[in-house]
Amino acid sequence: NGKIYFAPNNADSVGVLDPATDAFSIVVISGTIISGDGKFAGGVLAPNGKIYFAPNNADSVGVLDPATDAFSIVVISGTIISGDGKFAGGVLAPNGKIYFA
């Protein structure tokens, strides 16, 4: 859609910038994830059109559907080491999978 989406690190919303109009808006995500700082670090646009945010301090992957502005999570606690500073970003691989590092 040509918009730029900003990962919610310390914010409780996803920032959205429309470069065509210089309009800035937000998608509120509070209530869907834990509160606190350093939630997500970077996002990856997947072939399904959704943006997946790398969990930094969060115990879930953030998922934004730009078509509807719906935000959801994929819980990953129990599958990785708990604590802060899990991942700093992600990449979409040729096999269609997203890898966080």
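Contact means heavy atoms within 4.5 Å. The structure is a predicted model, in which local features need pLDDT of at least 70, side-chain atom pairs count only at pLDDT 80 or more, and totals for chains, interfaces and linings use all residues. Residues are numbered from 1 along each chain as its sequence is written, and side-chain values use heavy atoms, with hydrogens and water left out.

**Exercise 1.** Determine which residues Ile 29 is in contact with, leaving aside its neighbours within four places in sequence.

*Solution.* Ile 29 touches Pro 8, Asp 12, Ser 13, Val 14 and Phe 71. Next, place these residues in the interior. A nonpolar core is a set of buried Ala, Val, Leu, Ile, Met, Phe, Trp, Tyr and Cys residues joined through side-chain atoms within 4.5 Å; buried means under 20% relative accessible area (1.4 Å probe, protein chains only). Ile 29, Val 14 and Phe 71 are among the eleven residues of the largest nonpolar core. Strands E2 (13-18) and E5 (51-55) each supply at least two residues of this core. Apart from it lies another core, of five residues, including Tyr 52 and Ile 76.

**Exercise 2.** Describe the secondary structure and the compactness of the protein chain.

*Solution.* Helices (H or I, at least four residues) and strands (E, at least two) are DSSP runs, numbered from the N terminus. The chain has nine strands and zero helices. Its radius of gyration, taken over C-alpha atoms, is 13 Å, close to the 13 Å that the globule rule (2.2 Å times the number of residues to the power 0.38) gives for 101 residues, so the chain is as compact as a globular protein of that length. Finally, 35% of the 101 residues count as buried.

Definitions and conventions
Buried < 20%, exposed > 50% of the residue type's maximum accessible area, 1.4 Å probe, protein only.
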